[in-house]
Amino acid sequence: MRQEGSKAHFSILIAIIIVAGLSQGLLLPVLSIFIEQMGVSSSINGLNAAVMYIGSFAMTLVAERILGAVGFKKLIVSGLIIVMIPLMLFPLIPDLRLWFLLRLLVGIGDSALHYSTQLWVLLVTPAASRGRNISIYGMSYGIGFSIGPLGIKLLGYGQVVPFAILFFLMLIVLLFALKLPDTRPEKIMNEGSGAGRYRRSFILAWYALIPAFLYGYMEAGMNSNFPIYGLRIGFSESDISTLLPFVGIGGLLLQLPLGALSDRFGRKRILMISGVLGGFLFMLIPSAGTQFWPTLLLLTVAGGLVGSFFSLGLAYAADILPKNVLPAANVVASFQFNIGSILGPNLGGIMLGLGAPGGMFWLLGACYLLFGIAGFFFKQNNS
């Protein structure tokens, strides 16, 4: 890929990841509200939300092989189309069984977009600016994911409206994606195989890879379950659509400061402190009740402290793992993220179903607290 076109290509990839974040940030809370209004149990609601991440997990298993066969452009275009098709069907056909299939497709498409765009950014970015560009990439997804829940406000104009707007935004991005060069990965995709690499990476760096699980748990659980939590304790739909993005906004605000602190004081120490403080603040959220501003503040700071767990965990893995194990560690982190994303809506839904809405925050906070404490038992192994 020629350098003179790389800036334009990078801009297109950033636009793609923004709309991918929008799709996840909008679909999870809006569909959760629809299903809650149907009178469906919170556990079934959580299961329906988790199907998206089952599709994402399945795609992760074969994405490397498919990318090698069809190339970046075709996989990205296919991913966009696979996400776009269900968008107009969700509000038009309110059938829970069909929504399971549609969410599975969205998960497959989103996973294809994430895998191909992230790898392409790594390939087109010069080593000197790779860290900066990866940060921009991660923040772009966070921006899309944070804006997505604002689609709840558009429901007042009709249930189709937020889906239609997202569809046309993705259509515009698709037209730009068609201008990308048709390239394929080469040697980077052939660095060995076998479950042993994945097992070794986890044994050597389990503390650096668990943050991906916790981030997926938090992200999917909050976007799927918080709307139900909010409705049940007395927040309005408008309040929910305003509050929910602040989990992601907090992550955007603190991502670079936490990264800088991890450079200075060590990533393990920052992960431990962020986990303990973030977990404690999540557990305080139920005590705020329906008070808007205290809830907003708690969501922002808690989300900010743990919002960079995925990237900070991978950076820590890069610090402590041999270079030949890093590709396997990235795959393990993706698996962890998807597993967390599947469990988050389900465990939160179970807690909501038990009649104690605050239980979803107590469980989430406890997971982060335990992670912070577990840092005392992790010893770096340089072998």
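These are my notebook entries on a few helices, aromatic pairs and single residues that I looked up in this predicted model.

**Confidence**

I started with the confidence scores. The protein chain averages a pLDDT of 86, and 91% of the residues score at least 70. I then went to a weaker stretch, residues 187–191, where the pLDDT is below 50. Leaving out near neighbours in sequence, I found 7 contacts for this stretch in the model.

**Helix α7**

Next I checked the length of helix α7, which runs over residues 161–177. Its 17 residues, at 1.5 Å each, should span 24 Å, and I got 24 Å between the end C-alpha atoms, so the two agree.

Which residues of α7 are buried? I listed Pro-162, Phe-163, Ala-164, Leu-166, Met-170, Val-173, Leu-174 and Ala-177. I also looked up what covers them, and the cover includes α1 (6–37), α3 (72–87) and α4 (89–92).

**Aromatic pairs**

I moved on to the rings and counted 24 aromatic pairs. One that I opened up is Phe-34 with Phe-163: the ring centres are 6.1 Å apart and the planes meet at 35°. An angle from 30 to 60 degrees is neither stacked nor edge-to-face, so I wrote this pair down as tilted. Phe-34 sits in helix α1 and Phe-163 in helix α7, so the pair ties together parts of the chain 129 residues apart in sequence. I noted both Phe-34 and Phe-163 as buried.

My next pair was Phe-226 with Phe-361, which is edge-to-face, with 6.3 Å from centre to centre and 75° between the planes. Phe-226 belongs to helix α8 and Phe-361 to helix α15 (residues 359–374), so here the parts tied together are 135 residues apart in sequence. Phe-226 is buried, and Phe-361 is buried too.

I also marked one aromatic cluster to colour in the viewer. Its members are Trp-206, Tyr-207, Phe-282, Phe-309, Tyr-316, Tyr-368, Phe-371 and Phe-378.

**Arg-197**

Staying with helix α8 (residues 195–233), I picked out Arg-197. Is Arg-197 buried, exposed or partly exposed? Its relative accessible area is 22%. Buried would need under 20% and exposed over 50%, so I entered Arg-197 as partly exposed. I also compared its position with that of Ala-329, which is 132 residues away along the chain, and found their C-alpha atoms separated by 8.2 Å.

**Ser-111**

I found Ser-111 in helix α5 (residues 96–124). Its relative accessibility is 5%, so I put Ser-111 down as buried. What does Ser-111 touch, not counting residues up to four places away in sequence? I recorded Ser-56, Met-59 and Thr-60. With Thr-60 there is also a polar contact, 3.4 Å between the two side chains.

**Thr-300**

My last stop was Thr-300 in helix α12 (residues 292–306). At 15% relative accessibility, Thr-300 also goes into my notes as buried. Where does its side chain reach at 2.7 Å? I traced the side chain of Thr-300 to the backbone oxygen of Leu-296. Setting aside residues up to four places away in sequence, I noted that Thr-300 touches Phe-246 and Gly-250.

Notes: Residues are numbered from 1 along each chain as its sequence is written. This is a predicted model: local features need pLDDT of at least 70, side-chain atom pairs count only at pLDDT 80 or more; totals for chains, interfaces and linings use all residues. Side-chain values use heavy atoms; hydrogens and water are left out. Helices (H or I, at least four residues) and strands (E, at least two) are DSSP runs, numbered from the N terminus. The expected span of a helix is 1.5 Å times one less than its number of residues. Buried means under 20% relative accessible area, exposed over 50%, partly exposed in between (1.4 Å probe, protein chains only). Contact means heavy atoms within 4.5 Å. pLDDT is the predictor's confidence in each residue, from 0 to 100. Rings of Phe, Tyr and Trp (its six-membered ring) pair if their centres lie within 6.5 Å; planes under 30 degrees apart count as stacked, over 60 as edge-to-face and the rest as tilted. A polar contact is a pair of N or O atoms within 3.5 Å; within protein, one must be able to donate a hydrogen and the other to accept it, and residues adjacent in sequence count only if both atoms are side-chain atoms.
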